[in-house]
Number of protein chains: 2
Amino acid sequence: MPKATRPRKDRVTPVPVVRLGPLEDFIGFHLRLAQEASFRAFAQRVGDRRLRPSRFAIMALIAENPGITQTALSRASARDKSTLTTALDDLVVRGLVLRGRAPEDRRSYALMLTARGRQVLARLMTHAAAHDRQLDELVGPAGKLALLRLLRRIIGGLD
Amino acid sequence: MPKATRPRKDRVTPVPVVRLGPLEDFIGFHLRLAQEASFRAFAQRVGDRRLRPSRFAIMALIAENPGITQTALSRASARDKSTLTTALDDLVVRGLVLRGRAPEDRRSYALMLTARGRQVLARLMTHAAAHDRQLDELVGPAGKLALLRLLRRIIGGLD
DNA sequence: GCGAAAAGGTTGGACTTCCAACAATCAGGG
DNA sequence: CCCTGATTGTTGGAAGTCCAACCTTTTCGC
């Protein structure tokens, strides 16, 4: 076997060592770093800057719950309803989402995907699945189950 | 005493069930929900809206690494360096952080906490510790270790 | 029915954040 | 030395986000 190139492990990049101190053991800090890394990887995978993870979640939730209201969508995606107003304005203008009126409650809208919205979502879903597989490989199958279980406890316990 | 209005009848709040579909199993989606919940609980605990989790992390990292540069702080906190410019402007104006010049490299600054910055950080740290204990109780001691281990794998694996 | 409270959605304002482009400084090869 | 490229930090622009206030509509107690 030719020892052509040395592994990059011996790289002498002078990345300064930063001590984390108490942050080393804080769950919240690590949640933020992991979420940031995950979103960045997802966004990079998709490429289109107008279809970031939040838009994907919105569309996926509408697809699973046709006729959902903006407030219900707000709760499910953990975003303020005013945030959804502008996001949905954008998705409607781009022809991906329909804001139908709900006849039984004239205050609310009934959200649905357009045919083109379903196409775009399908493409995003393949990226999301690939992204999730990448995360799966990092934590392993047992790790994934444990991770989801722990995250759900935090999500449900802090309401 | 003003006329008492009777409280409304306690009714079972009809929180609409939202189906998550594929999102049910996506790690990234749950990371975001957990981070959002944690962030919100921390902010509520602290109260002061000008000392949110990101400011806390910045100050904690400076305290652990006196003389750190903005770029190193940017990497450690996973925030763009331009984000740190404005955040540090604010902390400096409020007398919590010092931007000292680094004599050996006149491009960079050497960040340090002021005495008042250390006081403020100490107060934030008690809130952070209480917050983390709350998370500990949700996941249990073994769960915390597992969670940190899994999150670190994701953080390190997506670079 | 009536009136007050609650709920759905929008608007305006303030922050945060990223990215791209830039100026100043440093490092290395010729 | 000098030129080129890399690094550090700032600026400007765009987008995302929350909160508080508000309007409309619905619900509920009386």
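**A bent helix, a paired surface and a DNA strand**

In this predicted model, helix α5 of chain A bends by about 100° at A:Gly140, and a proline, A:Pro141, follows within four residues. The effect of such a bend can be followed in the span of the helix, for α5(A), which covers residues 115-157, has 43 residues, yet its end C-alpha atoms are only 38 Å apart, short of the 63 Å that a straight helix would reach at 1.5 Å a residue. A useful contrast is offered by α2(A), which has 12 residues and reaches 16 Å from its first C-alpha to its last, close to the 16 Å expected at 1.5 Å a residue.

It is worth asking next which parts of these helices are covered. On α5(A) the buried residues include A:Gly117, A:Val120, A:Leu121, A:Leu124 and A:Ala128, and further along A:Leu147, A:Leu150, A:Leu151 and A:Ile154. An α-helix has 3.6 residues a turn, so residues three or four places apart point the same way. The partners of the buried residues of α5(A) come from both chains: within chain A they pack against α1 (27-46), α2 (53-64), β1 (97-101) and β2 (109-113), and within chain B against α1 (27-46) and α5 (115-157). Helix α2(A), for its part, is mostly covered, since 10 of its 12 residues are buried, among them A:Arg55, A:Phe56 and A:Met59.

Two single residues show how these surroundings look from close by. A:Ala41, which has its place in helix α1 of chain A, counts as partly exposed because it has 19 C-beta neighbours inside 10 Å, whereas 20 or more would make a residue buried. Leaving aside residues up to four places away in sequence, A:Ala41 touches A:His131 and B:Leu158, and although A:Ala41 and A:Gln134 are 93 residues apart in sequence, they are 9.7 Å apart in space, C-alpha to C-alpha. B:Leu135, in helix α5 of chain B, is buried, because 25 other C-beta atoms lie within 10 Å. With the same sequence neighbours left out, B:Leu135 touches A:Ile27, A:Gly28 and A:Ile154 as well as B:Ser38 of chain B.

These contacts lead on to the meeting of the two chains, where 53 residues of chain B are in contact with 54 residues of chain A. On the side of chain B that touches chain A, the elements giving two or more residues are α1, α2 (53-64), α3 (70-77) and α5 of chain B, and the largest share, 19 residues, comes from α5(B). By class, that side of chain B has 36 nonpolar, 9 polar and 8 charged residues.

How are the two chains arranged relative to each other? Chain B can be laid on chain A by a turn of 180° and a shift of 0.0 Å along the axis, with an RMSD of 0.0 Å, and the two copies are therefore related as by a two-fold rotation axis. The same surface serves both copies, in that 100% of the contact residues of chain B recur in chain A.

Finally, there is DNA strand C, which is surrounded by 23 residues, the closest being A:Gln70, A:Ser82, A:Ser108, B:Asp80 and B:Ser82. Two or more residues of the surface near this strand are given by each of α3 (70-77) and α4 (81-93) of chain A and α4 (81-93) of chain B, and α4(B) has the largest share, with 5 residues. The residues of the surface near DNA strand C divide into 2 nonpolar, 11 polar and 10 charged.

Methods: Residues numbered from 1 in each chain as written. Chains lettered and ligands numbered in written order. Predicted model: local features only at pLDDT ≥ 70, side-chain atom pairs only at ≥ 80, totals over all residues. Near = placed C-beta within 6 Å. Nonpolar A, V, L, I, M, F, W, Y, C, P; charged D, E, K, R; others polar. Least-squares fit on C-alpha atoms with pLDDT ≥ 70 in both. Contact = placed C-beta atoms within 7 Å. Expected span 1.5 Å × (residues − 1). Bend = angle between axes of the 7 residues up to and from the residue.
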